[in-house]
Amino acid sequence: MTEVNEASSIYRGCSFWSWFPWSSMSWKCLQEAERKLFAFVQSPYRTRYVNLGPVVEQEDKIWTLEVNTGKRETPVVLLHGFGAGIGLWCMNVDKISNNRRPVYAMDLLGFGRSSRPKFSTDPEQVEHQFVNAIEKWRSEIKLEKFILLGHSFGGYLATAYSLQHPERVHHLILADPWGFPEENKNIKNKIPWWAKGIFYALRSFNPLWPVRFAGPYGQWLVTNLRSDILKKFEPVLGEQSTVIGEYIFQCNSQRATIIFVLEAKVLLLHWLLVLVGRNTQ
């Protein structure tokens, strides 16, 4: 797929900002930020689209990183977290592969350079769509069994996939997995009217909407408000760790898909429950 065809078939600009020629929000900017990060990968690798066919929409595609695919040990598949992409594995893939095993990473549907389909509005159906996409990707890659590593939201999906396809998962590794314990109905019933009002007022907002609303100034927000993320990459990237902020911004400057809105609702409800729980103890 050429860059022009890729952008026209997948890229969804955010609001009116992407129409301005001087805007720093573009598909080429995302490609360039990703290229800068992969410059730190020492192992042989390639990136490509894996065509899933009709999973959520008619022609879904997953942007994939493949490292040391010629090795024979059990491969590792990496699932990134919320608002991230395969570029953020840049300082992990060499160590994970250790020049002995293949490593695969994907931009989940709705993230990074993968397709951004309109997911179902039903949370259980959304989970089913994600799991189906991962399984279809596995089938297209032709992996029989693998070690599955998920971080944050990717940890949640890795668990969901493992429960439905245990025969494919050799080991499951969860790094700070996203998810919640069993619902505490007692706490939920104690939510005061003002907390419910906040939830319903903000339920349609996306947790990343300030980044998109800021347009070309969104990168400044990411770099300055989440400097803790950039510092984690300093041991490998050094002074060039600022490209992390650029990459995260470009990954999230596109229009949100339904799943982002659903996550925003769940995250908001979770923190309201935590707040109320503390106040009722």
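**Strand β2 and helix α4 in a predicted model**

Let me begin with the sheet, where strand β1, residues 45-53, is joined to β2 by eight bridges, the two strands running antiparallel. Please keep in mind throughout that what we are looking at is a predicted model. Six residues lie between β1 and β2, and together the two strands form a hairpin. If you would like one pair to locate on the screen, take Y49, whose bridge partner in β2 is W63.

β2 also pairs with strand β4, residues 103-106, again in the antiparallel sense, and here over four bridges. The pair to look for in this case is L65 of β2 with A105, its bridge partner in β4.

How many of the residues of strand β2 are buried? Eight of the eight, residues 60-67, are buried, so the strand is largely enclosed by the rest of the structure. This holds for both faces: D60, I62, T64 and E66 point one way from β2, K61, W63, L65 and V67 point the other way, and all of them are buried.

Turning now to helix α4, residues 123-141, we can check its length, because at 1.5 Å a residue its 19 residues should span 27 Å, and the end C-alpha atoms are indeed 27 Å apart, which agrees. The buried residues of α4 are V126, Q129, F130, V131, A133, I134, E135, W137, R138 and I141. In reading that list, it helps to recall that an α-helix has 3.6 residues a turn, so residues three or four places apart point the same way. Finally, just after α4 comes K142, whose phi is positive, near 70°.

Conventions: Residues are numbered from 1 along each chain as its sequence is written. This is a predicted model: local features need pLDDT of at least 70, side-chain atom pairs count only at pLDDT 80 or more; totals for chains, interfaces and linings use all residues. Side-chain values use heavy atoms; hydrogens and water are left out. The expected span of a helix is 1.5 Å times one less than its number of residues. Buried means under 20% relative accessible area, exposed over 50%, partly exposed in between (1.4 Å probe, protein chains only). Two strands pair if DSSP finds at least two bridges between them.
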